[in-house]
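Please look over the sequence and the model below before reading on. The paragraphs that follow go through selected features one at a time.

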Amino acid sequence: MAKQICYEDVEVGTEVTALPKVATTRMLVQWAGASGDFNPLHYDEDFAKAMGVGAPIVHGALKRAWLGQLMTDWIGEDGKLKKLSCQYRGMDYPRKMKTMEEPRDGETWWCKGKVTRKYEEGGEHLVECEIWVENGKGEKTTPGSALAALPARKKK
Amino acid sequence: MTDGSLITDELRKLIGVTLDTIVFKVEEGAIQRYAQAIGDPNPLFNDPDYASKTRYGRLLAPPGFTGWPTRAGRPTEKLFAFLVKGGAPPKILDGGIEFEFIEPVGAGDILTGTTKIAKVTERETKLGKTMFTTAEVTYVNQKGKVALKSWATIIQF
């Protein structure tokens, strides 16, 4: 496990440790089953075309879950995620599969973030972050924000 | 209904109305499958033995998981049907989600989720005339405490 991050370790502008993700058609099937979202928009070519998005798209909720991981990885076990929000602004299209396990070449998505504010309130040490998922072109398709409480270093 | 508005009088009447209440069991296997689908190897969400020795005392759910099928982050078919019946356009996209996490959610929890339509607005977008609905869900755990709240934006055009 990575070393626990503390309130004193972050300043406004500190970057949240970036998290890479590769969306694949296989992953979308797995997500549909695990989340219970069986909307054909995410696996049926004709349906997706009729809906005007061109081809099956990555579930917004999967990208939101990636952002959840971005934050829980970064704040560690002693951190507490208090708020998380994001907007599904840009469509993302999964890589297709080359083999049963391996995706074809294509883009990698990055979950990123940075601290926008730090403050103490109600005995908690809080950090606000701007977070987002960006596609292979560096476009923020899923911008959002998060609020977390971090442990403070004990005074010696 | 004003001229050309997507928000019918029927839809206006739905604002603030409690739509439905659903009880979710947060199961250990469902948590693990959800974490695997995210590609999140965090032992708090994957390893019951590890998690039971932490202050949470049980396998913890990743943020936003409320039991299968999860509704957090995903408006229900029932809600869609409600909106379409009220005259909303039939093409639907998820607009986004906001969560407030209050109590930890983990294996064995029972959550009661209550959905209400908090807000309906409309504006012109690149999709044409577009309607935005905010569905607010409050999840209360088996101890009677609010565990989390979510506000999902539904886009219809």
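This is a predicted model. A good place to start is the pairing of strands across the two chains. Strand E2 of chain A, residues 80-87, and strand E2 of chain B, residues 92-101, run antiparallel and are joined by five bridges. One residue pair can be picked out here: A:Lys83 has B:Glu100 in E2(B) as its bridge partner.

The wider contact between the chains involves 26 residues from chain A and 27 residues from chain B. On the side of chain B that touches chain A, the elements giving two or more residues are helix H2 (28-38) and strand E2 (92-101). E2(B) supplies the largest share of that side, with eight residues. Sorted by class, the side of chain B that touches chain A holds eleven nonpolar, nine polar and seven charged residues.

Next comes a loop of chain B. B:Thr54 sits in the loop between H4 and H5 of chain B. Apart from its neighbours within four places in sequence, B:Thr54 is in contact with B:Leu44 and with A:Glu77, a residue of the other chain. The C-alpha atoms of B:Thr54 and B:Leu44 are 8.3 Å apart, and the two residues are ten apart in sequence. B:Thr54 counts as partly exposed because it has 14 C-beta neighbours inside 10 Å, a count that falls between the limits of 12 or fewer for exposed and 20 or more for buried.

B:Pro69 is also placed in the loop between helix H4 (48-52) and helix H5 (77-85) of chain B. Most peptide bonds are trans. The bond from B:Trp68 to B:Pro69 is cis, with omega near -10°.

Note on methods. Residues are numbered from 1 along each chain as its sequence is written. Chains are lettered from A and ligands numbered from 1 in the order in which they are written. This is a predicted model: local features need pLDDT of at least 70, side-chain atom pairs count only at pLDDT 80 or more; totals for chains, interfaces and linings use all residues. Two residues are in contact if their C-beta atoms, placed from the backbone, lie within 7 Å. Helices (H or I, at least four residues) and strands (E, at least two) are DSSP runs, numbered from the N terminus. Ala, Val, Leu, Ile, Met, Phe, Trp, Tyr, Cys and Pro count as nonpolar, Asp, Glu, Lys and Arg as charged, and the others, Gly among them, as polar. Two strands pair if DSSP finds at least two bridges between them.
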